[in-house]
Amino acid sequence: MTASIITDGLTKYYGNDKVAALDQLSLQIQPGEIYGFLGANGAGKSTTIRLLLNFLLPSSGSATIMGLDSVKDTVAIKKQIGYLAGDVSLYLKPTGRQVLDFLSSLQKADAYRQDLEKRFKVDLDKPIGELSKGNRQKLGIVQAFMHQPAVLVLDEPTAGLDPLMQEAFYETVLESKQRGAAVLMSSHNLAEAQRICDRIGIIKHGKLIHEQTMSQDNTLGTVIFKVMFANPADLVKCKTASGLKFVSQTDSHSALLKPVGTIAAALKALSQYDIQEMNTQSLDLEDEFLEFYGEPA
Amino acid sequence: MISIITWEIKQRKNYLFWWALSIVSIIATLLLVYPSIHSQADQLNKVLNQLPAALRDLKTGGNQVDITSPVGYLNSQLFYATLPFMQIIMAIGLGSSLLARDEQNHTLELLLARPISRGKLLAAKALSGLSLMLIVSVIGAITTIILAKLVNLQIATVYILAASLYTMLFSISFGAIAFTLSAASNSTRRASMGVAVALSFGGYLLASLSGMSHYIETPAKLLPYHYFNPAQILVGHVAVGLNVYLLTTAFAAVLISWLGFRRRDIN
């Protein structure tokens with residue numbers, strides 16, 4: 001099966017910058033796959049998305065969407081793509097209905113638009129400038145999904161949505177997945193990524209540093225120790241202790257540590273230190289993220 | 001493309017209304033006082049022609065002031081400075097905002113995320129600006145023709161139409177310069193309004209005063225206003241230099257904006 005989104009060594013330098021905003025990104029997203037793109041602010045998530053949409057031109061490397069080149073075939077690609085910007089920006093004077101009608105005139109939407117308007121309870125008759133951030137976000141979601149695209153590129157899609165609308169959004173994304181759409185979704189919300197993504201990629205300083213599937217055979221759900229040391233010096237020493245993998249430091253005395261090998265070996269390693277308190281918890285995506293970023297989020 | 005043009009015009013309907021109203025008001029004010037000025041024309045001509053040449057040239061572009069003649073009146077009061085100034089301000093405002101405002105507000109992304117090429121988007125934005133200018137200019141020309149008849153300014157309608165047309169095209173040329181700079185690259189975008197204003201109003205000052213000093217005579221020939229002579233257009237002569245300037249600007253604007261916009265980052 002041909003991947004819906006392929007990037008190959010995609011690189012972007014802004015202006016005369018010597019450091020790449022995106023450095024040799026290579027990834028593939030299959031039809032029907034939801035890919036979570038995680039990273040801190042400025043890590044390169046939005047740059048990647050803007051390159052895919054041809055808002056930015058790559059310094060080197062390439063991207064293809066549905067087998068088409070993101071630069072040369074951008075018009076053909078746009079027929080099959082739905083895009084939601086990070087901080088959704090819409091015209092402020094017209095009503096939501098006027099904007100959706102205008103956008104539908106540029107890219108034909110079908111009856112699914114009405115379904116989405118009902119599902120997200122979009123206020124269509126008020127000028128957009130009078131709508132709250134959450135209501136503008138709902139309009140943004142409708143315009144991205146209304147033509148049932150084969151590829152969805154979503155930048156922080158649930159920002160500003162209340163929990164009920166977040167549920168409606170997840171339902172809509174899963175519907176698209178069932179239709180066979182590939183979804184690239186950048187997010188800061190790790191619980192959200194853990195819940196709906198099939199696979200995640202973590203990006204740091206413009207480089208893709210980790211990818212993993214969210215299926216049961218990965219490390220998510222395994223035990224992690226939250227340890228409070230009596231002496232902060234022990235916290236430093238345990239970073240290099242055998243049998244343990246340092247995940248992150250949560251305060252001056254506490255750290256998250258992952259067992260390497262057996263739990264018994266990890267406990268033996270910990271027994272060398274003066275420990276005030278220790279809890280176990282399941283490793284979740286946030287811990288994984290912290291492990292790669294090496295600092296509290 | 002049509003839907004982008006109509007959308008842009010709808011978005012600016014208040015803007016269009018106020019510009020049309022302002023231009024109609026100015027034309028009406030200037031033409032409706034013609035009968036009373038005409039009755040005292042001899043004294044006024046004497047006074048105006050005794051003004052320092054620099055001041056007089058700013059009003060007429062080097063032509064003698066002759067308020068008794070319809071051509072002299074229309075040239076000095078309307079077509080040389082007042083009407084082009086208003087239309088130039090409107091054109092530069094449009095040219096520097098048609099793309100840049102959408103880019104600043106990030107609504108350009110909404111459009112570029114649809115199946116429309118950058119070239120078509122650029123053309124749609126340019127055509128919407130031209131349409132807005134055309135609407136205001138046609139309203140201005142009709143007002144001038146009707147009021148000229150009303151106050152018995154004896155000048156052929158076709159010459160008023162020609163002067164209105166060339167005033168519109170001349171004004172649009174500065175809007176085109178602003179539009180081109182805003183489209184071509186991110187660095188020129190920031191300079192678009194400043195450069196267009198400097199070329200138009202700076203050019204007006206230099207070209208109008210070029211007869212005063214030989215130091216500015218030669219540089220003034222490089223500026224568009226040097227070739228804009230509505231007094232000549234009102235008697236049926238259009239300077240070749242004006243046509244060359246308009247055609248060159250149009251060609252350069254299309255080429256540079258297209259080449260630049262299709263290969264630049266959208267911020």
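User: What makes Gln276(A) count as exposed, and which strand is Gln276(A) found in?

Analyst: Gln276(A) sits in strand β14 (residues 275–282) of chain A; strands are DSSP E runs of at least two residues, helices are H or I runs of at least four, and both are numbered from the N terminus. Now the burial test: a residue is buried if 20 or more other C-beta atoms lie within 10 Å of its own, exposed if 12 or fewer, partly exposed in between, with C-beta atoms placed from the backbone. Gln276(A) has 12 C-beta neighbours inside 10 Å, so it counts as exposed. One caveat up front: this is a predicted model, where local features need pLDDT of at least 70 and side-chain atom pairs count only at pLDDT 80 or more, while totals for chains, interfaces and linings use all residues. On labels, residues are numbered from 1 along each chain as its sequence is written, and chains are lettered from A and ligands numbered from 1 in the order in which they are written.

User: What does Gln276(A) touch, not counting residues up to four places away in sequence?

Analyst: Met228(A), Phe229(A) and Ala230(A). A contact here is a pair of C-beta atoms, placed from the backbone, within 7 Å. As for C-alpha atoms, those of Gln276(A) and Met228(A) are separated by 5.6 Å, though the two residues are 48 apart along the chain.

User: How do you know which strands stand at the edges of the open sheet in chain A?

Analyst: Count partners, where pairing takes at least two DSSP bridges between two strands. The open sheet has four strands in the order β2-β1-β4-β5 (chain A), paired antiparallel. β2 (22–29) and β5 (68–69) of chain A each have a single partner strand, so one side of each is left without a neighbour in the sheet. The pairing of β4 (residues 60–65) of chain A with β5(A) rests on two bridges, and Ile65(A) has Leu68(A) as its bridge partner in β5(A).

User: Why say that both faces of strand β6 of chain A are covered?

Analyst: Ile81(A) and Tyr83(A) on one side are buried, and so are Gly82(A) and Leu84(A) on the other. β6(A) also pairs with strand β7 (residues 151–155) of chain A, in the parallel sense and over four bridges. Gly82(A) stands opposite Leu152(A) there.

User: What makes a nonpolar core, and which residues touch the most other members of the largest one?

Analyst: A nonpolar core is a set of buried Ala, Val, Leu, Ile, Met, Phe, Trp, Tyr and Cys residues joined through C-beta atoms within 7 Å. The largest has 129 residues, and Val142(A), Val151(A), Val153(A) and Val183(A) touch the most other members. Helix α11 (residues 157–184) of chain B gives this core its largest share, 15 residues. Apart from it lies another core of 13 residues, including Leu235(A) and Leu257(A).

User: Why is chain B called as compact as a globular protein of its length?

Analyst: Chain B has 15 helices and zero strands. Its radius of gyration (over C-alpha atoms) is 20 Å, close to the 18 Å from the globule rule for 267 residues, so chain B is as compact as a globular protein of that length. The rule is 2.2 Å times the number of residues to the power 0.38. Of those 267 residues, 41% count as buried.

User: How many residues of chain A are in contact with chain B, and which element gives the most?

Analyst: 18 residues of chain A meet 17 of chain B. α3(A) gives the most on the chain A side, with four residues.

Notes. Contact = placed C-beta atoms within 7 Å.
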